[in-house]
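Here are my notes on the model you sent round. Please read them with the structure open.

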Amino acid sequence: MNNPLPNKKLVARSFGNAAAQYDDVAVLQRQTGDELLERLSLVTLQPETVLDLGVGTGRNLTLLAKKYPKAKLVAVDIATDMIRQARSNYQQARGLKRWLPNATKPMYLAGDAENLPLADNSVDLVFANLTLQWCDPRTSFAEIQRVLRPNGLLMFTSLGPDTLTELRQAWASVDNYSHVNMFYDMHDVGEAMMEARLAEPVLDTDIYTLTYETSMALMKDLKVLGASNVNSDRRRGLTGKRALEIVAQSYEQFRNDGLLPATYEVVYGHAWGGQPQFKQAQQNSDGEVRISVNQIKGRKAL
Ligand SMILES: C[S@@+](CC[C@H](N)C(=O)[O-])C[C@H]1O[C@@H](n2cnc3c(N)ncnc32)[C@H](O)[C@@H]1O
């Protein structure tokens with residue numbers, strides 16, 4: 001597991017700059033968010049506290065509030081401008097309902113998934129749509145495990161290494177520098193979840209293909225989304241007009257039915273927080289973990 005780590009300052013700045021226009025182009029993010037919410041409907045869960053991790057502009061926060069009207073909502077994002085946007089969008093979406101007695105008033109926190117500003121065992125549901133691919137998997141899953149209550153649930157999507165494969169290949173005809181973000185594969189993600197001792201991790205992947213008239217339109221969308229290259233080892237290489245012309249030419253090899261495809265490999269995952277005894281065992285690190293059959297049976301099926 002040795003992908004270059006995203007540069008945190010760049011991630012925060014890039015997504016912060018994207019906050020105002022993000023919703024105009026977040027097509028994939030809406031689709032995977034809806035799919036995650038649908039998967040949540042298969043679980044009987046009455047969470048007291050729900051964390052939307054990497055809340056972005058807050059679309060899912062509003063949907064989570066509708067789904068769990070009694071839950072306390074916590075919204076965390078590394079980009080403060082995203083938090084601001086999420087708060088304003090939430091207020092607009094809830095309209096007058098937010099003035100009702102007992103209306104949910106989310107708590108908004110600027111923070112890093114790798115160092116969550118939350119207490120141990122304080123969250124029943126962590127919902128993270130397309131956030132964790134910007135994080136170190138080991139550190140972020142360990143943090144999620146720390147804040148999840150026993151029997152709490154983590155539901156997330158992330159991106160796999162086949163994401164933007166066409167763009168990566170097109171850039172390879174310019175130079176050998178990394179111009180497109182690198183993403184961990186499902187096995188690395190699964191390993192990190194196991195290491196964090198999240199219980200019963202389940203992962204699957206799905207391929208989505210967005211289409212564009214031109215490769216410039218794709219690159220413009222990536223910029224508007226705040227998803228331009230933020231790997232810490234990124235090197236500039238050639239990025240001028242000539243380089244972009246070469247990329248555009250090379251990308252043409254993928255044109256199909258008049259359009260250019262952009263592949264996204266989406267990793268869907270869920271896991272449960274450990275049982276208290278399980279967490280205790282972790283702290284004791286006595287090399288042996290015992291979980292009673294009752295506890296295993298107590299888990300809800302997805
Ligand atoms: C692709 S957007 C997804 C936003 C939202 N979850 C959605 O479904 O539209 C990724 C979000 O994760 C945030 N993010 C990236 N790295 C983060 C980190 N280490 N900790 C917290 N948030 C992070 C970004 O600022 C951005 O708002």
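The points below go from the overall fold to the sheet, the core and the ligand shell.

1. **Status and overall make-up.** This is a predicted model. The protein chain has 302 residues, and 40% of them count as buried. Its secondary structure comes to 12 helices and seven strands. Contacts reach far along the sequence: of those between residues at least 6 apart, 82% join residues at least 24 apart.

2. **The sheet.** What is the strand order? Seven strands form an open sheet, and they run S3-S2-S1-S4-S5-S7-S6. The pairing is mixed. Direction ignored, neighbouring strands are turned by 15° against each other on average.

3. **The edges.** Which strands stand at the edges of the sheet? They are strand S3 (107-110) and strand S6 (199-212). Each has a single partner strand, so one side of each is left without a neighbour in the sheet.

4. **Strand S5 and its partners.** Strand S5 covers residues 148-159 and is joined to S7 by seven bridges, in the antiparallel sense. Leu 154 has Ala 271 in S7 as its bridge partner. With strand S4 (residues 123-129), S5 pairs in the parallel sense over six bridges. In that pairing, Leu 148 of S5 has Val 123 opposite. Both senses of pairing therefore meet at S5, parallel with S4 and antiparallel with S7. In general, strands of a sheet pair through backbone hydrogen bonds, either parallel or antiparallel.

5. **Burial of S5.** Is S5 buried or exposed? Nine of its 12 residues are buried, so S5 is largely enclosed by the rest of the structure.

6. **The nonpolar core.** The largest nonpolar core holds 77 residues. Leu 51, Ala 75, Val 126, Phe 127 and Leu 154 touch the most other members. Strand S7 (residues 260-272) supplies the largest share of this core, seven residues. Such a grouping fits a general pattern: in soluble globular proteins, nonpolar side chains tend to be buried together.

7. **Val 126 in detail.** Look past the neighbours within four places in sequence. Val 126 is then in contact with Leu 51, Leu 53, Ile 144, Leu 148 and Leu 154. Of these, Leu 51 and Leu 154 are also named, with Val 126 itself, among the core residues that touch the most other members.

8. **The ligand shell.** How many residues surround the ligand? There are 23, and the closest are Phe 15, Gly 54, Gly 56, Asn 129 and Trp 134. The shell divides into 12 nonpolar, seven polar and four charged residues. Helix H1 (8-18), helix H3 (27-40), helix H4 (59-67) and strand S2 (72-77) each supply at least two of them.

How values were computed. Residues numbered from 1 in each chain as written. Predicted model: local features only at pLDDT ≥ 70, side-chain atom pairs only at ≥ 80, totals over all residues. Core = buried A, V, L, I, M, F, W, Y, C linked by C-beta atoms within 7 Å. Buried ≥ 20, exposed ≤ 12 C-beta atoms within 10 Å, placed from the backbone. Helix = DSSP H or I, 4+ residues; strand = E, 2+ residues; numbered from the N terminus. Contact = placed C-beta atoms within 7 Å. Near = placed C-beta within 6 Å. Nonpolar A, V, L, I, M, F, W, Y, C, P; charged D, E, K, R; others polar. Pairing = 2+ DSSP bridges. Axes fitted to C-alpha atoms, helices over the stretch in contact; angles between N-to-C directions.
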